[in-house]
Amino acid sequence: MPEISTEHLQKLIPQIYQKLGLHFDEKKIYFLRTRVAKRMAELRMDNAKDYVFMLSYADPQGTEMQALANLITTNETYMFREYDQLQAFANHCLPEVLTTKLARGDRTLRIWCAGCSSGEEAYTLAMIVQEVFPQAQSWDCSIVATDIDENMLKRVVTARYGARSVADVPDEYLKKYLVPSGDEWAVRQRTAALVKTEHLNLNDRMAMRKMRGFDFIFCRNVLIYFDDLSRKAVVEHFYNALNPGGYVFLGHSESIGRVTTVFRLKRFEKHLVYVKD
Ligand SMILES: C[S@@+](CC[C@H](N)C(=O)[O-])C[C@H]1O[C@@H](n2cnc3c(N)ncnc32)[C@H](O)[C@@H]1O
C-alpha cells in the first residue's frame, strides 16, 4: 500500500470537508489513511503528493472526489434499526400526518430517507407504511432513498439482503414483506416499488434546494460524521424540504438543538423527534 504522510492527509481533510461536509478528526485519521491508500493503489499511484495535486487541481467534475467518497463513507446499516423510534413513527407520527392529509383530501405521502446506505432503512419504512396504512398502494406514496455513495445506491436497487441485514426484522414482517432467495432475502416487489433512489450529496446546496414537499425525513446515523457547521446547513435544508406538520427523525445519539431552533421538539415516550410547525 502507498505511504501517506499526515501532512498530505491534512491537505485532503479540508477539501473533503468542503465537498462532502464530512469531518475527519485525529481519531479518524487512521481510517482515512487506509482508504486514501486503497484509492491510490486502485489508481496505481504511489506518491501521495500526486494524489493531493490531482484532487486539488485536476478534478473539475468532482469525479475523483466522488470515487473517494465511495470509499470513505461508513455504510453500517440494517433493517428495523432503532426499532423503538420506528414505533413512534408507526404509532403516532404516521397516523397523525395521514389523518390530516385525509381530511384535506390530499392523497400523497412522501418520505425522504437521507443517507440511506444500502437501503435497509428505506425498505423498513416501506414495510411500516404498508403495515400501518394498507391503502398506501392507492395513494401517491413514495420513499426517496438518497446517498452520496454510488455503490450503495446500486445495492438499494437490487433490494436483496443477507442474514445480518434482516436479523432484527420481526417475524410477521419477514413473512409478509421479504421472500427467501438463495442464501439471501429479497424485498417483495409490491414493497420495493415504493422506494426510488437518487444520488444526492447532503452538502451540495443546489441539489438540496430541489428536495421539497416531504412529510417525513429520516436522516439517522449520518450527521454524526458532520461537524456543527455542516450539520446546521443540512438541517436547515431539511426544514425547507418538509411540509408544515412534517417530521425529522435523527439517530438516537444525534441532537440538533445546539445548531438550530427552527424545529419544535416533540417527545414520544423516550424518543425525540423534530417537527416543522
Ligand atoms: C451509517 S450509514 C446510515 C444508514 C441508515 N441511515 C441507518 O441509520 O441505518 C451513513 C450513510 O450516510 C451517507 N453519507 C455520508 N455523507 C454523506 C453526504 N455528504 N451526502 C449524502 N450521504 C452521505 C454514507 O454514504 C452512508 O451510506
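How many bridges join β3 to strand β5, and in which sense do the two run? Two bridges link them, and the strands run antiparallel. That pairing belongs to an open sheet of three strands, while an open sheet of seven strands is also present. Please keep in mind as you look around that this is a predicted model.

**The seven-stranded sheet**

- Reading across this open sheet, the strand order is β6-β2-β1-β7-β8-β10-β9, and the pairing is mixed.
- The edge positions go to β6 (195-199) and β9 (264-268); each has a single partner strand, so one side of each is left without a neighbour in the sheet.
- From one strand to the next, the twist averages 25 degrees.
- At the β6 edge, five bridges connect β6 with strand β2 (residues 140-147), and the two pair in the parallel sense.
- If you would like a residue to look for here, Ala-145 has Thr-197 of β6 as its bridge partner.

**Helices on the seven-stranded sheet**

- Helix α7 (residues 150-158) packs on the sheet, where it touches β2 and β6.
- The direction of α7 makes about 165 degrees with that of β6.
- Helix α5 (residues 83-104) lies across five strands that you can pick out by number: β1 (108-114), β7 (214-219), β8 (242-250), β9 and β10 (271-275).
- Relative to β8, helix α5 runs at about 175 degrees.

**The three-stranded sheet**

- Here the order is β3-β5-β4, with antiparallel pairing.
- Strands β3 (160-161) and β4 (178-181) are at the edges, each pairing on one side only.
- Strand β5 covers residues 184-187, and its Ala-186 is the bridge partner of Arg-160.

**The largest pocket**

- This pocket holds about 470 Å³ of space.
- It is lined by 28 residues, and those closest to its centre are Thr-74, Asp-147, Asn-221, Val-222 and Tyr-225.
- By residue class, the lining of the largest pocket comprises 13 nonpolar, nine polar and six charged residues.

**The second largest pocket**

- Its volume is about 230 Å³.
- Among the 14 lining residues, Lys-19, Leu-20, Ile-148, Asn-201 and Asp-204 lie nearest the centre of the second largest pocket.
- Helices contribute to this lining too: α1 (6-20) and α4 (63-72) each supply at least two of its residues.
- The lining of the second largest pocket splits into six nonpolar, six polar and two charged residues.

Conventions
Residues numbered from 1 in each chain as written. Predicted model: local features only at pLDDT ≥ 70, side-chain atom pairs only at ≥ 80, totals over all residues. Heavy atoms only, no water. Pairing = 2+ DSSP bridges. Helix = DSSP H or I, 4+ residues; strand = E, 2+ residues; numbered from the N terminus. Axes fitted to C-alpha atoms, helices over the stretch in contact; angles between N-to-C directions. Contact = heavy atoms within 4.5 Å. 1 Å grid on protein atoms, 1.4 Å probe; cavity = no way out; pocket = protein on both sides within 12 Å on 5 of 7 lines; lining within 4 Å. Points joined across faces, edges and corners; volume = space filled by probe spheres on them. Nonpolar A, V, L, I, M, F, W, Y, C, P; charged D, E, K, R; others polar.
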